[in-house]
Amino acid sequence: MLVTSTLHTTETTTSPEHRPDALLLHAPDGPDAAWWRHAVIYQIYPRSWADADGDGVGDLPGITNRLPYLRDLGVDAVWLSPFYRSPMADAGYDVADYRDIDPLFGSLSDATALLARAKELGLRVIVDLVPNHTSDEHEWFQAALAAGPGSPERERYIFREGSGPTGDEPPNNWLSVFRGPAWTQVQAGDPATGAKGQWYLNLFDSKQPDLNWQHPQVREEFHDILRFWLARGVDGFRVDVAHGLVKRAGLPAWDEASVMIDDHDGAGEREAIPTNAAPMWDQDGVHEIYRGWREVLDAANPAGDPAQDKILCAEAWVEPIDRLTLYTRRDEMHQAFNFPFLVTPWRAGELREVIAQSLRAADSVGAPTTWVLSNHDVVRHASRLGLPIGDPRPNGIGPNDTQPDAVVGLRRARAATTLMLGLPGSAYLYQGEELGLPESTQVPDDARQDPAWFRSGKTVLGRDGCRIPMAWEADAPALGFNDTGATWLPQPQEYRELAVDRQTGVPGSTLELYRTLLGARREHDLGTGGLRELPGYGDDVIAYVNEAHDGSHTAVLVNLGEQPAPLPSGRLVAASGELLGGALPTDTAAWVLLD
Ligand code: GLC
């Protein structure tokens, strides 16, 4: 299914043409824009990228060895999912010590080596920060359990008495994102006194108790953690569940499911209620926390040199999009993930709408927008886009579910990425998407590890299918992930043909398409360009001109219609699939450098 990309000049006799008076969706950044306004950031999921010690789980030395691959791919930065000391109840998003590396992944000196190597290669490094909850094995939580009800130690978390006549029911009706109640009772009653055990809030797993962000020690501790990693040379932080830290006072009842990642699993379309209607999400109190963090980050760049900026990126599943811009006001975070773009179905009108809205909303606060299609929490876009358009987005796909159409999915995924990388702003890539890796729909039930699988009584498949170890070499053990052949999740058959060594240097392969796109994006400064509509196309074609500050104009086109669309006159820079007599076929995208 590898297509041949033919780079040639295409003339068209039809009307599409760049008109400087066409609708301007976004004005260009200046040539000196800070790196994070246009960076392409590659997400490494450390468990699954490269495994140097051969135990079946990826590690930091493995990552360090493979970093040149990312330099050659042409990205600007990496974001590493958590590598901290953790009992791994949620794959490391349950942190027991924020200042140490889990032995599964290596040691602090391995982290230092990784950071140094990245710097040598010109790659920036963003680490994951998990402030909403700790692990239950964190020393603070252990101290809270030991100290008992009413103690100052319990104040750092959200402990409450139970409800109901005997206190054996949860304090309120909140549900966990991973299913089941959002409360866990810490101990059975004390028969001597008749006292019941208290309950603690966990919006995720029971092993992820929520911190109490009203507590000054919690706030100080995270300033200190930021400084700890800044001192080690990181370039920024991806902030986990950034919209969850502050809960509405009094913890009022909430009758809806606690949906963070809007998976619609069987629940049908939900009404669009603003996220902050829910007492656990997007409360206004979170913003003063981020203003404090911004001060810590800015203090790490006292000269204010944009090349030295340290950044914050919010993982905030917030709607409507204008609420998201509150996180990227000038004195808060630098970026927020654009999940509205990720969840938009493959329909031209809706995509155009979300792109225009994203740019408008981010511009209203002077922030860059971001673009993202895949990450470690959602079905990979090469599979997601192969599902019937408009169907609810599943939380995992199993062997008994409708299987995605792999050919259609990959074709659309390549087109979607070609669109995304042609847009101004910062873009996030998820490991393996540059190979066109599909979701694994064949994870055996007994290999599943996502806490949602267990908490849902094994009804919600969860996210394991997008977390499969990377495919490097088709004929090596574990496809080159390590040299022992051990993998913490099985690699599906179809990953073999997609391995890095099978695609390298192969014209038209997905990997070479990504390289071409990233190279041309850099060469023509598309990340800092202005964006204007390209008139002359019908409703089914998304057509823009990215106007770079060097005066070059790149048309970015995607055809979602059934009829081939003509290309404007100019030099074809990249195409996500083969052209049809010089025209753009269905589900295909192209960049044309205009004359
Ligand atoms: C974020 C992470 C996800 C994790 C959850 C709880 O959404 O991306 O993987 O399970 O937070 O920390």
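Okay, Pro451 to start: this residue sits in helix H11. Is Pro451 buried or exposed? With a relative accessibility of 5%, Pro451 counts as buried, because the cut-off for that is under 20%. If you want a ruler across the model, take Pro451 and Arg99: 352 residues separate them in sequence, and their C-alpha atoms are 24 Å apart. And before I go on, this is a predicted model, so keep that in mind for every number I quote.

Let me zoom out for a second. The protein chain has 13 helices and 20 strands. Its radius of gyration comes out at 24 Å, close to the 25 Å that the globule rule gives for 595 residues, so the chain is as compact as a globular protein of that length. Along the principal axes, the C-alpha trace spans about 90 × 50 × 50 Å. Buried residues account for 61% of the 595 residues in the chain.

Here's another ruler, this one ending at an exposed residue. Ala253 is in the loop between E11 and H5. Its relative accessibility is 56%, and since exposed means over 50%, Ala253 counts as exposed. From Ala253 to Val40 you go 213 residues in sequence, and 41 Å in space, C-alpha to C-alpha.

Stay in that loop, between strand E11 (236-239) and helix H5 (286-299), because Gln283 is there as well. Gln283 is buried, with a relative accessible area of 10%. What does the side chain of Gln283 find for a partner? A polar atom of that side chain lies 2.8 Å from the backbone oxygen of Trp281.

Now the ligand. Which residues come nearest to it? There are 15 residues around the ligand, and the nearest are Asp90, Asp240, Glu315, His376 and Asp377. By type, that shell divides into five nonpolar, three polar and seven charged residues. For the contacts themselves, Asp90 puts a polar side-chain atom 2.5 Å from an oxygen atom of the ligand. Arg238 has a side-chain N or O atom 2.9 Å from a ligand oxygen, and His376 also has a side-chain N or O atom at 2.9 Å from an oxygen of the ligand. As for cover, the ligand on its own has 310 Å² of accessible area, and the protein covers 100% of it.

On to two helices. H8 runs over residues 348-364, which makes 17 residues. At 1.5 Å a residue the helix should span 24 Å, and its end C-alpha atoms are 24 Å apart, so the two agree. The buried residues in H8 are Ala348, Leu351, Val354, Ile355, Ser358, Leu359, Ala361 and Ala362. After the helix comes Gly366, with a positive phi near 70°.

H13 covers residues 510-523 and has 14 residues. From its first C-alpha to its last, H13 reaches 20 Å, close to the 20 Å expected. How many of the 14 residues in H13 are buried? The count is 10, so mostly covered is a fair description, with buried meaning under 20% relative accessible area. Among them are Leu511, Leu513, Leu517 and Leu518, but Glu512, Arg515 and Arg521 are on the buried list too. Just after H13, Asp525 takes a positive phi of about 55°.

That brings me to the backbone oddities. Most residues other than glycine have a negative phi, and most peptide bonds are trans. So where does this model depart from that? Met88 has a positive phi of about 65° and is not a glycine. You'll find Met88 in the loop between strand E5 (84-85) and strand E6 (97-101), and it is buried, at a relative accessible area of 17%.

Ala478 is another non-glycine residue with a positive phi, near 45°. Ala478 is in the loop between helix H11 (451-455) and helix H12 (500-503), and with 10% relative accessibility it counts as buried.

Last one: the peptide bond from Glu319 to Pro320 is cis, with omega near -5°. Where is Pro320? In the loop between strand E12 (311-314) and helix H6 (321-325).

Methods
Residues are numbered from 1 along each chain as its sequence is written. This is a predicted model: local features need pLDDT of at least 70, side-chain atom pairs count only at pLDDT 80 or more; totals for chains, interfaces and linings use all residues. Side-chain values use heavy atoms; hydrogens and water are left out. Helices (H or I, at least four residues) and strands (E, at least two) are DSSP runs, numbered from the N terminus. The expected span of a helix is 1.5 Å times one less than its number of residues. Buried means under 20% relative accessible area, exposed over 50%, partly exposed in between (1.4 Å probe, protein chains only). A residue is near a molecule or strand if one of its heavy atoms lies within 4 Å of it. A polar contact is a pair of N or O atoms within 3.5 Å; within protein, one must be able to donate a hydrogen and the other to accept it, and residues adjacent in sequence count only if both atoms are side-chain atoms. Accessible areas come from the Shrake-Rupley method with a 1.4 Å probe; for residues, only the protein chains shown count as cover. Ala, Val, Leu, Ile, Met, Phe, Trp, Tyr, Cys and Pro count as nonpolar, Asp, Glu, Lys and Arg as charged, and the others, Gly among them, as polar. The radius of gyration is taken over C-alpha atoms; the globule rule is 2.2 Å times the number of residues to the power 0.38.
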